[in-house]
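Hi there,

Here is the structure I promised to pass on to you. Have a look at it first, and my notes follow below.

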Amino acid sequence: MCLIFYSIAFVFEFVILYMQGIPAHMEIFVTGFSLTGNTVKQTGAGFVLMCIGFNIINVWMEEGLFRGFYITYIAKEHSNKTALYTAALLFGLWHLVTPFRSLLDGDMSIGMFAVMSIGYVILSALMGIKWGLLYHLSGTVWIGLADHFFNNCVVTNLLHVVIDNGVDDLQIVRVIIGELTSFAAVAVYSKMKRRKSHDN
């Protein structure tokens, strides 16, 4: 699923660059995700293996905690909807560390930090809702975990759009397009599934 919607996002990114007259191509190398576009390029096989390994640990922890634990635990005392939205909000707040790290590194001002924090928390919370819906639909964290891993490892850490004087200048646009379109698809499918089960 993530592959389909991120393919659309990559195409959109290349179209924007083409319309600006900027030649671009794709490369595979390791770099960390950055809201400010600052990247450190690593091409060694060891870095690739570490990237894959650390991303497996990260998504396993996040999916296990925010979907597997929080949704299940909160749903014992509250509705599934409350559990879903609460876990998603906690997931969004968890990601404040990304803009905060950029602020501490001096890559963004206080004003930029405030704007980026709001946007990134909202985007992360929407992703949390998407993966929570996948958890409800499937009864397992594995589908969301696979989607989460593809998003983190492949799209933001390994696969990059390179231009003459930069790397991933439009990465945040790509992520927004990929995540919002996949979120919409999962939300629509979940609603259709609920409607069908009510009709039966």
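Let me start with a question: which side chain meets that of Asp168 in a salt bridge? The partner is Arg174, with an N to O distance of 2.7 Å. Please keep in mind that this is a predicted model.

**Salt bridges**

The structure holds five salt bridges, and I will go through some of them here. Arg174 turns up again with Glu13, where the closest N and O atoms are 2.6 Å apart. Glu13 belongs to helix α1 and Arg174 to helix α7, so this pair ties together parts that lie 161 residues apart in sequence.

Are these residues buried or exposed? Glu13 is buried, at 3% relative accessible area. Arg174 counts as buried because its relative accessibility is 0%, under the 20% cut-off. Asp168 is buried as well, with a relative accessibility of 5%. Through shared partners, the salt bridges join Glu13, Asp168 and Arg174 into one network.

Another salt bridge is formed by the side chains of Lys130 and Asp147, at 2.8 Å from N to O. Lys130 sits in helix α5 (residues 110–138) and Asp147 in helix α6 (residues 142–158), so the two tie together parts that are 17 residues apart in sequence. Both Lys130 and Asp147 are buried.

**Surface patches**

Next, the surface. Lys81, Lys191, Arg194 and Arg195 gather there in a patch of positive charge. Which element gives the largest share of this patch? That is helix α7 (residues 171–199), which contributes three residues. Lys191 is placed in helix α7, and its relative accessibility of 47% makes it partly exposed.

There is also a nonpolar patch on the surface, made by Val11, Val15, Tyr18 and Met19. Together these residues have about 500 Å² of accessible area. Tyr18 is part of helix α1 (residues 2–19). This tyrosine counts as exposed because its relative accessibility is 71%, and the cut-off for exposed is over 50%.

**The sheet**

How are the strands ordered in the sheet? The order is β1-β2-β3, in an open sheet of three strands with antiparallel pairing. β1 (24–28) and β3 (166–167) stand at the edges with a single partner strand each, so one side of each has no neighbour in the sheet. Between β1 and strand β2 (residues 159–163), the antiparallel pairing runs over five bridges. Ile28 is found opposite Leu159 of β2.

**One more residue in helix α7**

Finally, a residue you may like to look up is Ile176, which is also found in helix α7. With a relative accessibility of 36%, Ile176 counts as partly exposed. Its C-alpha atom is separated by 20 Å from that of Asn55, and the two residues are 121 apart along the chain.

To pull the threads on helix α7 together: Arg174 of this helix pairs with Glu13 of helix α1, and the helix also supplies three residues to the positive patch.

Happy to talk it through whenever suits you.

Best wishes

Key. Residues numbered from 1 in each chain as written. Predicted model: local features only at pLDDT ≥ 70, side-chain atom pairs only at ≥ 80, totals over all residues. Heavy atoms only, no water. Patch = residues over 30% accessible without salt bridge, like charges linked within 9 Å, V, L, I, M, F, W, Y side chains within 5 Å. Areas by Shrake-Rupley, 256 points an atom, 1.4 Å probe, with all protein chains shown as cover. Salt bridge = Lys/Arg side-chain N within 4 Å of Asp/Glu carboxyl O. Lys, Arg positive; Asp, Glu negative; His and termini not counted. Charge placed at Lys NZ, Arg CZ, Asp CG, Glu CD. Helix = DSSP H or I, 4+ residues; strand = E, 2+ residues; numbered from the N terminus. Buried < 20%, exposed > 50% of the residue type's maximum accessible area, 1.4 Å probe, protein only. Pairing = 2+ DSSP bridges.
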